[in-house]
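Reader: I should like to study this structure through a series of questions. May we begin once it is displayed?

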Amino acid sequence: MLDPRRLHLLRELDRRGTIAAVAEALTFTASAVSQQLSVLEREAGVPLLERSGRRVVLTPAGRALVTHADAVLERLELAVSELAGAREGIRGPLRIGTFPSGGPAIVPAALAELARRHPALEPMVQEIDSARVSDGLRAGELDVALVHDYDFVPASPDTTVGQVPLLEEPVYLATGGAAGSAPATGPAARGDTLAELLGPWATSPWITARDGTTGHAMAVRACQAAGFQPRIRHQVNDFRTVLALAAIGQGAGFVPEMATAHAPGDVVLTRLPLFRRSKVAFRAGGGTHPAIAAFVAAARTAVGVTGGTSSPALR
């Protein structure tokens, strides 16, 4: 009989690439992970791993077993969700991940709704970049998370994660008229292309999110699509800082509509033909867990979604 806990380790090795990374993520020692994978090989009766230089890689049998591991672990999540639904009331800790701009814009209203409907639930919030959410969910660090993707940076398919759409919002170009900025531009005309809107800022400094984030990748790829490589001066993840820097002429930057509510008076915001889509993510099979379903409902209430599957843009 194959042990699901060892199947989980094999799947994490497939996703993370090294035994050391698996050990760090799951708070094991590397030797303990190696020992458990060796036991799994004996249970399977065929080699699952092979050496490749100083690393181990999955054999064809190992990769095939990971596909079955995904299905087995999803069924276990479904079982846990069903058992939780049999208990009276929704209670206990709920570990929630959020991208930074989702913190002030969505999370407080969602938590207020949760407290009103399910006072015994104990939400615990931590900021996390959307690119790290899948790892956090699989490792059990998170139960549910707000995630997003952008045009030019679509989310990678991931069979280990389920998602519910939340909202779609336009992205704006933030610039300023202070000394050192490029010529000011006004609101976008209907049908303006990305090249027309970003072109005047091609030689200006740029403000992007930190390297390795989805926001950084979106900014670079959007500029490249407009025909130039951005000259990045500042890297900050806080959109309030992006707006403040843009307002004093320190560069041009991208901000989603959610972040523009408290923009400085000196900043110029130009709507772009780009969008950011926010979703609620959870482990595959976990969407029916009462606590997760309650958070999804609260998040949808927080952004004004009353039903259906579409994601209206913020207005």
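Reader: Which residues does Leu-198 touch, not counting residues up to four places away in sequence?

Author: This is a predicted model, in which local features need pLDDT of at least 70, side-chain atom pairs count only at pLDDT 80 or more, and totals for chains, interfaces and linings use all residues. Residues are numbered from 1 along each chain as its sequence is written, and side-chain values use heavy atoms, with hydrogens and water left out. Contact means heavy atoms within 4.5 Å. On that basis, Leu-198 touches Leu-173, Trp-206, Ala-222, Cys-223, Ala-226, Phe-228, Phe-254 and Leu-272.

Reader: Which element gives the most residues to the largest nonpolar core?

Author: A nonpolar core is a set of buried Ala, Val, Leu, Ile, Met, Phe, Trp, Tyr and Cys residues joined through side-chain atoms within 4.5 Å; buried means under 20% relative accessible area, exposed over 50%, and partly exposed in between (1.4 Å probe, protein chains only). Of the 32 residues in the largest core, Leu-198, Trp-206, Phe-254, Val-255, Leu-272 and Leu-274 touch the most other members. Elements that give two or more residues to this core include β6, α8 (194-198) and β9 (252-256), where helices (H or I, at least four residues) and strands (E, at least two) are DSSP runs numbered from the N terminus. The greatest contribution, 6 residues, comes from α10.

Reader: How many residues does the other core, which lies apart from it, have?

Author: Among the members of this other core are Val-107, Phe-282, Ile-292 and Ala-294. Ile-292 and Ala-294 are buried residues of α11. The other core has 24 residues.

Reader: What distance should the 13 residues of helix α11 span?

Author: The expected span of a helix is 1.5 Å times one less than its number of residues. For α11 (residues 290-302), the end C-alpha atoms are 18 Å apart, which agrees with the expected 18 Å.

Reader: Is Arg-11 buried or exposed?

Author: Arg-11 is placed in helix α1 (residues 4-16). Leaving aside neighbours within four places in sequence, Arg-11 is in contact with Val-66, Asp-70, Leu-73, Arg-138 and Thr-160. Because its relative accessibility is 7%, Arg-11 counts as buried.

Reader: Is Thr-27 buried or exposed?

Author: Thr-27 is found in the loop between α2 (19-26) and α3 (30-44). Its phi is near 55°, a positive value in a residue other than glycine. Because its relative accessibility is 71%, Thr-27 counts as exposed.
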